Every structure is written in structure tokens, then in C-alpha cells.
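Open your viewer, set the chain to cartoon and keep the selection box handy. We will walk from one selection to the next, pausing at each to see what is there.

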Amino acid sequence: MSVHILLNITQEDKIHAVIMQYFDYNYVTLELIIRNQFLSEVIPNSLNFSYGQQLAPVFGLLKLYGNDNEPRFHLLYIRKKETNARINSIVSENTTFCPKADTFLVNQIKSLISKHKYIEFFEKRQNLSTHRHMICFHDDNYLCICESNFRRVECFGYDRSLDSCSYCLANGRCLKGDLGNSSNLLCLCPYCHYGHLCQFNTRLLSFTLNSLIAPNSFFVRILYLNLIIVLFVIGFFSNICSILTFQRNNPRKLGVGNYLLILSIINQLCILFLALKIFQVVLETLVQFSNVISCKMINYFLPVLTRINYWLSSWITIERLAIVLVPTMTRFRQPRFALSLSLLTVLIIHILHTHELIYYTVVQSMCVVNFEIHPGVAYYNRISVLIHYLLPFSIQIISITMLVWTASQSRAKLAKESFVEVLKKQFEKQKELYITPIIIVLCLLLQTVLAFAFACTKLNQSWQRHTLLIAYLLSYTPQILGFIFYVIPSTVYKNEFQQTWIGKIRYMKWLLRNR
């Protein structure tokens, strides 16, 4: 036997999910007994349900989920004597809609706590002409069927959680379809979230590598994996050269040299965890495997190391500015001060990101984060991200501007040359003071602009994901090319590097000589 329903839905709001439920009921307790359940993201033209009993289910209930993610109930049919039902149903507000009781019983609803009170209430108020067209209504516990003209109402116990589940992240609405298949589910995601489990967050500066890489084809994912391997090899060599340079005694006599040594070590670790992160994302999509420990560790250390880099770069720029503005102050130049401030920065940033260790987890073989289950933590994370991006970014811009302006203006007065000519000489003479922070700012600027442009945008177009991903990788340029940014422009540091075992290699000597 089967039930065949032709649907003609006239609802004007956009429908995000459709749930169809078939019910019998217990003749003693009047509790509804579900026989089958169907879930769809699109509105079907027809519904078919085959059953192994003599009579079709008594009720057919349709639930439509719109923009507010709350269901609108429609009673499609009530079985009379048919054993094989074929039903044409026009779903509309006037003929099938079952409103929620508290929408029209505002004054009385608090006292109506059971189906018997509902029945008694309606039997005493048969003159409710404004609601005579209703065939049903519901609350959180009951589905009530009305006779024409409200002469009689019968309420059945209804479990609203039959189509609910708890797999969705970010407080998304989880809908369950086939009762015998736990994987038949659909997540209705809140604003700025998308994905099968609402695992992708598109809020400002909240894009993740998972959301940018996972939706792409197998070929594209492998391409990005090969790209990060190349970048890792380049960065590894670059940072080894930087570490060998700044670990020497002469660079470490000043605070800047100690900052740069710690920064080079941080950069090396940073590109390592960046490579591990991309490898993790690709591995999840290929073999559906993810480990909780690696999930937490990689997603904790990558942002921590990245933001330590931002702050250490800012301290370097500030120290160079202080030397220009207050040349007599030697405290900033002391190695002990640089080491103390660096260690304090590392410690504070580690502490400020402990929530990422807690809220990253593995769901259905995917490494995901779910800050939204605690709104306070989600708000704190958004504020933290903005601070660690925008504050170092602002420090870099302000410091560079003041550094260039102050140094050039003072030298222009002494040399009695034009400001522009002195500015050119300054750039030529002390390139490492200006070029490196400018490049860092430009790398961050591109990612920041795109993050604002695509904030809360569902990244359906591949060009959007590729643009954000390229900007994301470009933001790691200072970590990958630290040797080129910090050692090559400086005559002092370049001479120190030439004293290392790598610097004494014939090819490196030739390369440095031609710079």
C-alpha cells in the first residue's frame, strides 16, 4: 500500500527545508505514533510513502522551515476509510496551515496547559468566527485537529523533537530525515555560517583554511598541497639562514638582533604548522580521517605563532623608531629588555588563545571549531582576532610613517637639501629600516581588505575562495622570506651571514655579491 501526495505550495517566504511526517495514534492515550519521515532541501512536487500495513497512516503533516528557521505546520491529509490514498494538496495559509496556539490565544494561553483545557476552551467558545477557517493548531506538546466551525477539537500528543538532532555547529538548527538513517540530516545555519554542519565561518577575519580548500576539487586540493610544500622548503632554508645569522654574537649585542633571532625561530615553526594545517585539511577530504590531538595542536599553534610574529615585528619597528626619536635612550637597545619583552609576548599570546585548545574538536572526521555554543567565548574570539590583526597592523603603519618623516625631515635640515632628495637617500642607505615593515604591512593589508569585502559572504564561487586563499598565503610572506627581508638589505647582517657555514658556500658568496 502507498500514500501519494501531489504538492502545490503557495508560501511566499523562501523555504530552506521541508519535513514530511506520517502519523498514526494510540487510541487510548491519543499520542501520535510516527510511521515515516522525509527530509528535503527543495520543495518536491509529489511525495510517495509505501507502507506494510493494511491502512495508510492517519495524518500527513508537513513542516516548512523558512528564513527564521522555525517550522510552519501544514496538515496535508486525514485518512478516512481509504487503504490506498492518493491526495492532491494545495499548501496555503487558508486551507492547510496550523498556527501556533500562542499566536491567537495571547490572554488565555498561560492557563491552557493540557489538551483537556484546549478542548474545554474551544467547546465553550464556538463563536470564534475569525478562526473558523483553521483545521488545526499546535503548541510545544500537542497537535490539535478542529472540526468545521470549531464545534469540536481533538488534541494529540506530539513530540516536536522527532525531526531534531544535535550534530550542527554554531547553534545551527539540526533537522533529521529518515529515522533509520542517522546521516540523513540537514543543518540550517545561522548568519555568516555555512557548510554541511555549519562548520565554515565567514565572519570578519574568521575564514579558515578548511572553508577555502575543502570545497575545491581533488586536483585543486593536491595543487595547493604541492604549493605549500614548495613554500615550506623555501621558508625552511630562508629561516635557517636567518637563525645562523642572528645567533652570532655581534647581532645579539643590540635588542633588535635578539628580536630577529626569536622571530626567525617563530617563523620556522609557523611555516611548519601552516604546512601541517594544509596537509590536515587535504587528508580529511581524501580519507575522512582526523585526530583530535593533532586537530587541537595544529589549530592552536598556527594562529598563536602567526600573531607572535605580528607583535614581534611591531616591537622591532617601535625600537627602530625609538632610536630615531630618542637616540640617547639606550634601554630599548639592551638585549635583556628585548628578551624579556619577547618572552612576555609569547606567554601572553599563548594564554589569550587557550580557548582554541578547548573548542576545537573532530566531528564526522572533520577538525572543526564551535565557539558559538557559548556566545561569550565567540564574542571574545572575534574581539581577540580583531585586536591581534588590527593593532599590530596600525602600529606598523604609524611607526613607519613617523620613522620616514622624522628621519628625512631632520636630515633635510642638516644637509639643506629638499625633503624628497633626502627621503630617497634614506631609503637607499637604510633599506632594512623601511622596506621590511612596508612589505609586512602590504601583505597584511591585502588579506584585511579582502576579509572585510567577503565578510559574511557564502563562498559559493571558486574565484572567491582562491582569492582569499592566495591572500592568506601571501600574508605568510614575511615568515617564508625572512632572510631576504631582514638580512639581505642590511650590510651588517649580510656580513655576519657570510661568516656562517652556509654563507661560505661558493654559490651563496656569488649570490650575495650580485645583490
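One definition before we start: a residue is called buried when its relative accessible area is under 20%, exposed when it is over 50%, and partly exposed in between, using a 1.4 Å probe and protein chains only. The model is a predicted one, in which local features need pLDDT of at least 70, side-chain atom pairs count only at pLDDT 80 or more, and totals for chains, interfaces and linings use all residues. Residues are numbered from 1 along each chain as its sequence is written, and side-chain values use heavy atoms, with hydrogens and water left out.

**Stop 1: the disulfides**

Show the cysteines as sticks. With a disulfide taken as a pair of cysteine sulfur atoms within 2.5 Å, the count is seven. Helices (H or I, at least four residues) and strands (E, at least two) are DSSP runs, numbered from the N terminus.

Select Cys192 first, which counts as buried because its relative accessibility is 6%. Which cysteine does a disulfide join to Cys192? The partner is Cys456, at an S to S distance of 1.6 Å. This pair links distant parts of the chain, 264 residues apart: Cys192 sits in the loop between β13 (185–188) and β14 (193–194), and Cys456 in the loop between α10 (431–453) and α11 (462–474). Look along the S-S bond and you will find 85 degrees about it, a right-handed link. Cys456 has a relative accessible area of 24%, so this end is partly exposed.

Next, select Cys165 and Cys174, whose sulfur atoms are 1.8 Å apart in a disulfide. Is this disulfide left-handed or right-handed? It is left-handed, because the torsion about the S-S bond is about -90 degrees. Cys174 is buried, at 4% relative accessibility.

Now pick Cys295 and Cys367, joined by a disulfide with 1.9 Å from S to S. Here the pair spans 72 residues, from Cys295 in helix α5 (residues 292–325) to Cys367 in strand β17 (residues 366–369). The torsion is about 75 degrees, so the disulfide is right-handed. Both Cys295 and Cys367 are buried.

**Stop 2: along helix α5**

Stay with Cys295 and extend the selection to the whole of α5. This helix has 34 residues and reaches 50 Å from its first C-alpha to its last, close to the 50 Å expected at 1.5 Å a residue (the expected span is 1.5 Å times one less than the number of residues). Of its 34 residues, 25 are buried, so α5 is largely enclosed by the rest of the structure.

Zoom to the N-terminal end, where Asn291 caps α5: a side-chain oxygen lies 2.9 Å from the backbone nitrogen of Ile293.

Then travel to Leu325, also in α5. Leu325 is partly exposed, with a relative accessible area of 41%. Add Val326, Met329, Ile398 and Met402 to see a nonpolar patch on the surface, with about 400 Å² of accessible area together with Leu325. Patches take residues with over 30% relative accessible area and no salt bridge, joining like charges within 9 Å and nonpolar side chains (Val, Leu, Ile, Met, Phe, Trp, Tyr) within 5 Å. A salt bridge is a side-chain nitrogen of Lys or Arg within 4 Å of a carboxyl oxygen of Asp or Glu, and accessible areas come from the Shrake-Rupley method with a 1.4 Å probe, where for residues only the protein chains shown count as cover.

**Stop 3: a buried proline**

Finally, select Pro57 in the loop between β4 (46–50) and β5 (59–65). Pro57 counts as buried, at 0% relative accessibility. Add Tyr22, which is 35 residues from Pro57 in sequence and 5.9 Å away in space, C-alpha to C-alpha.

Note on methods
Polar contact = N/O pair within 3.5 Å; in protein donor to acceptor, adjacent residues only side chain to side chain.
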